[in-house]
Amino acid sequence: MTVTGDTVPGLGPLESAIMTVIWDAGQPLTVRAACERLDYRASGGGAAAYTTVMTVMNILWRKGLLSRAKDLGEGQARAWWYEARVTREEHLAAVIRAALECAPDPAAVMRRAAAGSRR
């Protein structure tokens, strides 16, 4: 995924790219495996460094979006294996709920959103 506005709401560009890789994998991934699947270009045009991806995956774990475990029998006892704690749909629903909590008239926001999706 080359980030060109395809970011997941509520996440930064690299967070979004990583979560998309994790969601699409449907299985636990190490940082190395996520890096290999990641097609992300930073604003300077380069690929994200391994250590940057590792840091962002740790941040996503602390935010509760990823779970992690060691030694899943794959011969990589030192590596963390990361897996999504929430589905893409659960995450998007939480973003929508948070946005509606900010609105003085949530029903009006929903009506406007629904009307906009029919155009």
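Buried here means under 20% relative accessible area, so keep that cut-off handy as you click around this predicted model.

Start with E15 in helix α1 (residues 13-25). Its relative accessible area is 13%, so E15 counts as buried. Now add K63: the two side chains form a salt bridge, with N to O at 2.6 Å. K63 sits in the loop between α3 (50-62) and β2 (66-70), and 48 residues separate the pair, so this contact links distant parts of the chain.

How many salt bridges does a search of the whole structure find? Two. For the other one, select R88 and D24, whose closest N and O atoms are 2.8 Å apart. R88 belongs to helix α4 (residues 88-101) and D24 to helix α1, so parts 64 residues apart in sequence get tied together. Colour by accessibility and R88 comes out partly exposed at 26%, while D24 is exposed at 56%.

Next, hide the side chains and go to the sheet. It's an open one with three strands in the order β1-β3-β2, paired antiparallel. β1 (29-30) and β2 are the edge strands, each with a single partner, so one side of each has no neighbour in the sheet. Zoom in on β1 and β3 (residues 80-84): two bridges join these antiparallel strands. Pick L29 and you'll find its bridge partner in β3, Y82.

Finally, bring the helices back. α1 lies across β1, β2 and β3, at about 85° to β3. α3 also lies across β1, β2 and β3, running at about 110° to β2.

How values were computed
Residues are numbered from 1 along each chain as its sequence is written. This is a predicted model: local features need pLDDT of at least 70, side-chain atom pairs count only at pLDDT 80 or more; totals for chains, interfaces and linings use all residues. Side-chain values use heavy atoms; hydrogens and water are left out. A salt bridge is a side-chain nitrogen of Lys or Arg within 4 Å of a carboxyl oxygen of Asp or Glu. Helices (H or I, at least four residues) and strands (E, at least two) are DSSP runs, numbered from the N terminus. Buried means under 20% relative accessible area, exposed over 50%, partly exposed in between (1.4 Å probe, protein chains only). Two strands pair if DSSP finds at least two bridges between them. Contact means heavy atoms within 4.5 Å. Axes are lines fitted to C-alpha atoms, for helices over the stretch in contact, and angles run from 0 to 180 degrees between N-to-C directions.
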